[in-house]
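Please work through the exercises below with the sequence and the structure at hand, and try each task before you read its solution.

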Amino acid sequence: MEENIKESLGRFLSTALQANSVQVVRAALLSGGAVQENWLLDLQITGGPFDGMLNTVLRCDSPTAGVGISHGRAQEFALLQTVFNAGVAVPQPLCLCIDLSVFGRPFFLMRRVAGTAAGHVLVKDTRYAPDRAALARRLGRELARIHSVKPPVDALGFLASYEESPAQYRIRMQRASLDKYHTAYPALEWGLRWLERHAPKRGVVALTHGDFRTGNYMVNEHGLTGILDWEFAGWSDPLEDIGWFCAKCWRFGRDDLQAGGIGLREDFYAGYESESGHTIDRDQIHYWEVMAHVKWAVVAIEQAQRHCSGEENSLLLALTGHMVPELEWEILNMTENS
């Protein structure tokens, strides 16, 4: 990060954090993030409520993420504040900046939490949260706390509302995304038609994370430290998050551990049910796991297009596109007998 940017951040943060001065003593771009960038910032703060060293993360748009691919940073900050106030284990939101003269892009700052979020590491290395049954139950409890937020919420007025069932709404969104491309995806069209034929009626609608999975929460040697990445949150059927977490495509090869590749499904369910006081309709989970595979395939196509169109030269985005055939195969396997 260039020195003039650090100085600009220091001036803004001095006001935002009610400090006499703020110096950026360390700045490093963190790995991952196809849609957003995350910067590690260590701040030396003089005066005010955060006096001393403050370890933070600055979250901003990727330069070529495109408009509308996810919530903006102001919206994600509002989501983070809402769930933080609801008692969800998330990094503490600190401040928001929409003044482009400060960093060149809107951003928000949050406390840094310890551990790793790398899915391929978490499913293999039990030095992180060695009690995996406890981790699965904890994740279930945290998801139930997210789902305790029900519409309407004034601070979340930007979230799309709709009268149709969440299932039909998701189908309509995925079909519209596919229709933008000239390439035909018959297996995904099959999956969408299957979802349409089996769509559950509208029931309870709650705040859903939209990407609640291994890879989007932080874990250290003691357990869960924070749930990340709220840019796809919205109002939906709570079972959508549960199906997404348990879907095969997010187990990172650990298909024996159906709860996110880190635990047993029933432990995850038990944590959710104990916190929410509601029994999960297990008969509906398969439907939402099919939905998860269709949704992820469509997102993978969109991400690959960012590379193929020349918008962004990214090996990560290019490789994401190669996941689509495997997802199509899984969709066909999951729907062939019904």
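The exercises that follow concern a predicted model, and each task is followed by a worked solution.

**Exercise 1. The sheet**

Task: Work out in which order the five strands form the open sheet, and state which strands lie at its edges.

Solution: Begin with the pairing, and recall that strands of a sheet pair through backbone hydrogen bonds, either parallel or antiparallel. In this model the five strands follow the order S1-S2-S3-S5-S4, and their pairing is antiparallel. Next, look for strands that pair on one side only, which are the edge strands S1 (21-29) and S4 (93-97). From one strand to the next, the twist averages 25°. As a closer look at one pair, take S2 (residues 36-46) and S3 (residues 52-61), which are joined in the antiparallel sense over 10 bridges. Within this pair, Trp39 has Leu58 of S3 as its bridge partner.

**Exercise 2. Helices on the sheet**

Task: Determine which strands helix H1 lies across, and which strands helix H2 lies across.

Solution: Take H1 to begin with; this helix, residues 3-16, lies across S1, S2, S3, S4 and S5 (107-111). Its direction is at about 130° to S1. Then turn to H2, residues 73-85, which lies across S2, S3, S4 and S5, and which runs at about 160° to S4.

**Exercise 3. Two packed helices**

Task: Describe how helices H7 and H12 cross, and name the residues through which they meet.

Solution: Two packed helices are described by the angle between their axes and the distance between the axes. For H7 (residues 186-197) and H12 (residues 324-335), the axes come within 9 Å and cross at roughly 35°, and the crossing is left-handed. The next step is to list the residues on each side: H7 brings Ala187, Leu188, Trp190, Gly191 and Trp194, which meet Glu328, Ile331, Leu332 and Thr335 of H12. Sorted by class, the residues of this contact are six nonpolar, two polar and one charged.

**Exercise 4. The cavities**

Task: Find how many cavities of 30 Å³ or more the whole structure holds, and describe the lining of the largest cavity.

Solution: Rolling a probe the size of a water molecule over the atoms shows where empty space is left. A search of the whole structure gives two cavities of 30 Å³ or more, and the largest cavity contains about 50 Å³ of space. Its lining is made of Arg59, Glu76, Leu80, Pro91, Phe108, Met110, Ile227, Leu228, Asp229 and Trp230, and the elements that give two or more residues to this lining are H2 and S5. By class, the lining of the largest cavity has seven nonpolar, no polar and three charged residues. Now treat the second largest cavity, with a volume of about 40 Å³, in the same manner. Its lining includes Gly210, Trp244 and Trp288, and the largest share, four residues, comes from H10.

**Exercise 5. A pocket**

Task: State how much space lies in the second largest pocket, and decide which element supplies the largest share of its lining.

Solution: The second largest pocket holds about 420 Å³ of space. Of the 22 residues that line this pocket, Val204, Asp237, Pro238, Tyr272 and His278 are the closest to its centre. Helices H5 (132-147), H8 and H9 (265-276) each supply at least two residues of the lining, and the largest share, three residues, comes from H8. Finally, the classes in the lining of the second largest pocket are 10 nonpolar, seven polar and five charged residues.

Note on methods:
Residues numbered from 1 in each chain as written. Predicted model: local features only at pLDDT ≥ 70, side-chain atom pairs only at ≥ 80, totals over all residues. Heavy atoms only, no water. Pairing = 2+ DSSP bridges. Axes fitted to C-alpha atoms, helices over the stretch in contact; angles between N-to-C directions. Contact = heavy atoms within 4.5 Å. 1 Å grid on protein atoms, 1.4 Å probe; cavity = no way out; pocket = protein on both sides within 12 Å on 5 of 7 lines; lining within 4 Å. Points joined across faces, edges and corners; volume = space filled by probe spheres on them. Nonpolar A, V, L, I, M, F, W, Y, C, P; charged D, E, K, R; others polar. Left-handed = near helix turned anticlockwise from the far one by under 90°.
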